[in-house]
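Hi,

Here is the model I promised to pass along. Have a look at it first, and my notes follow underneath.

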Amino acid sequence: MAKTANERIIFGLKVKQLRQEQGLSFADLSKASGMSLSYLNEIEKGKKFPKTDKVSSLAEALGTSVEELTNDELGRNLAPVTQLLQSNFLNELPLELFGIELGKVAEIIAQAPTRVGAFISTLLELSRSYALREENFYFAALRSYLELHDNYFPELEEAVEAFARQHRLPTLRPIPPRTLASLLEERYGYEIVPNGLDDHPDLAMLRAYFQPEKKRLLLNGQLSPVQRSFQFGKELGFNHLKLVERANTSSLLRSRIFEEVLNHSKATYFSVALHIPLQPFVESVREFFALPRWDGEAFLALMQRYNATPEMFYHRLTNVIPQFFGLREMFFLRVLHNPTTAGFAIDKELHLHRRHHPHENGLFEHYCRRWVSISVLQEMTHRGSEGIRIDVQRSQYFGTEDEYLCLTMARTGYPQPEMNVSVTLGFLLNPKLRQTITWTDDPAIPIRTVNTTCERCPIMDCAERAAEPVIVRKREKYQRVKAALKRL
């Protein structure tokens with residue numbers, strides 16, 4: 001019976017471990033077992049698994065039994081490696097998306113198994129300490145994949161165009177929700193239940209739920225027409241792209257495998273591209289960038305032209321701006337705010353070209369209140385405003401030469417009535433940005449010095465500070481200790 005990749009890797013590691021313990025070279029083992037040097041090398045790299053008679057020869061040459069050689073025990077030193085190889089985590093990591101073969105991972109492990117084992121053990125311990133689950137790694141892998149491709153996928157753009165031609169969708173946008181609903185019902189046999197989730201208060205946070213056995217799409221009765229249309233677009237994406245592995249909830253709660261996460265991202269991309277067609281949108285963005293000065297109303301009008309939500313609008317901006325305008329040094333952040341607890345959380349982010357300064361911090365620290373992403377949410381809460389608010393800022397990051405042009409939209413009641421949200425695009429200030437966006441240096445745009453979190457910020461005269469700079473003080477204390485030791 002054919003062996004799995006993990007079985008080949010574990011067998012190869014055992015052979016190498018036993019060979020080295022007995023002080024045998026490849027030539028020694030080749031002579032004792034009757035196998036060629038190249039074949040033994042491939043066995044130890046996890047590429048080959050010998051037939052039964054050769055396993056017996058190897059066991060005899062290594063002074064062990066066939067049973068001992070073929071079980072999955074690697075010993076105490078390599079226990080973390082065994083744990084990783086036998087977990088679903090390694091099996092489900094999308095190594096192929098990054099051009100990495102599992103055999104290459106095995107080769108690295110085989111070269112220094114004890115050190116790699118200690119490293120893996122450290123990673124697993126850190127993941128337990130910070131309560132990281134498999135899906136945290138899946139989402140991190142997805143972000144890296146999107147960033148690697150500048151969040152632009154020609155094959156998905158082509159699929160959307162082919163779908164629109166096939167079903168003779170109108171060229172003008174927005175597309176009426178009923179048009180997409182009819183396609184689901186007539187083409188794919190869906191039953192759409194408009195208020196299907198209303199009798200389940202615990203599912204109020206979901207926009208929709210799909211029952212695959214009945215092909216029923218249960219909708220949240222509170223959805224706006226554009227939100228319903230977006231859900232229909234995602235379902236059409238799952239079907240048209242033939243994405244089998246999927247979550248049945250409108251948002252990912254907990255994923256079994258990476259393919260679910262990836263397919264959810266593809267269906268979302270499909271729906272966004274369906275509602276905001278590529279070429280007209282690129283021309284609209286070009287016109288907006290060519291305005292003589294910053295115009296928040298024009299920015300809002302650009303979104304409303306396609307009857308999009310802020311999330312759809314910003315998603316499409318991250319698709320087209322790096323690809324068609326060459327602005328690749330940019331980031332996207334989505335910040336959730338609960339006014340009753342004053343808590344802020346980053347639940348989505350994307351960094352193109354490199355890791356930019358504003359980013360999620362999983363240590364329960366207080367994000368800098370000078371960020372426009374957060375200050376706009378605070379203003380909405382204090383003034384009791386509703387609907388959509390737009391703001392802009394030039395953010396200079398303290399202690400660095402980096403400055404970003406940040407465009408932010410915020411709205412109330414998302415994703416639940418008691419929550420507000422802001423979405424922000426930030427562009428690194430450089431000559432290319434000034435050449436592309438003519439109003440970059442508009443004097444009406446406020447400029448502020450910002451940082452990442454209050455705990456790590458040494459700006460002592462900050463009126464917006466929400467927490468003491470405890471990390472800064474720890475560092476300063478450590479430096480004083482070092483200086484005192486040096487004097488001794």
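How many bridges join strand E6 (residues 388-397) to E9, and which way do the two run? This is a predicted model, and in it four bridges link E6 and E9, which run parallel. If you want a spot to click on, Gln-396 stands opposite Thr-449 in E9.

That pair belongs to an open sheet of six strands, ordered E5-E4-E8-E7-E6-E9, and the pairing is mixed. Strand E5 (343-352) and strand E9 (447-450) are the edges, each pairing on one side only. From one strand to the next, the twist averages 30°.

Two helices go with this sheet. Helix H16 (296-304) packs on it and touches E6 and strand E7 (403-411), its direction making about 120° with that of E6. Helix H17 (310-325) lies across strand E4 (330-338), E5, E6, E7 and strand E8 (420-428), and it runs at about 15° to E8.

The loop between H16 and H17 is where you'll find Asn-307. Phi of Asn-307 is near 50°, a positive value in a residue other than glycine. Most residues other than glycine have a negative phi, and most peptide bonds are trans, so I went looking for other exceptions to that general pattern. Asn-151, in the loop between helix H10 (134-148) and H11, also has a positive phi, near 55°. How exposed are the two asparagines? Asn-151 is buried, because its relative accessible area of 4% is under the 20% cut-off. Asn-307 has 38% relative accessibility, so it counts as partly exposed.

On the peptide-bond side, the one from Arg-173 to Pro-174 is cis, with omega near 10°. Pro-174 sits in the loop between helix H11 (154-166) and helix H12 (177-188).

There is some more strand pairing to look at, around E3. Strand E1 (residues 191-193) and strand E3 (residues 216-219) run parallel and are joined by three bridges, with Val-193 standing opposite Leu-218 in E3. Strand E2 (residues 208-211) is joined to E3 by four bridges, and those two run antiparallel. Leu-218 turns up here too, as the bridge partner of Tyr-209. E2 and E3 form a hairpin with four residues between them, and Lys-215 in the turn has a positive phi of about 55°.

Now for a helix pair. The axes of helix H2 (residues 26-33) and helix H3 (residues 37-44) come within 9 Å and cross at roughly 110°. That angle falls in the 65 to 115 range, so H2 is roughly perpendicular to H3. On the H2 side the contact uses Phe-26, Ala-27, Leu-29, Ser-30 and Ser-33, and they meet Leu-37, Leu-40, Asn-41 and Glu-44 in H3. By type, the residues of this contact divide into five nonpolar, three polar and one charged.

Last, the cysteines. What is the disulfide count? The structure holds zero of them. Cys-462 is in no disulfide, and the nearest cysteine sulfur, that of Cys-368, is 6.1 Å away. A disulfide needs the sulfur atoms within 2.5 Å, so that pair does not qualify. Cys-462 has 17% relative accessibility, so it counts as buried. Cys-406 is buried as well, with a relative accessible area of 3%.

Cheers

Methods
Residues numbered from 1 in each chain as written. Predicted model: local features only at pLDDT ≥ 70, side-chain atom pairs only at ≥ 80, totals over all residues. Heavy atoms only, no water. Buried < 20%, exposed > 50% of the residue type's maximum accessible area, 1.4 Å probe, protein only. Axes fitted to C-alpha atoms, helices over the stretch in contact; angles between N-to-C directions. Parallel < 35°, antiparallel > 145°, perpendicular 65-115°, else oblique. Contact = heavy atoms within 4.5 Å. Nonpolar A, V, L, I, M, F, W, Y, C, P; charged D, E, K, R; others polar. Pairing = 2+ DSSP bridges.
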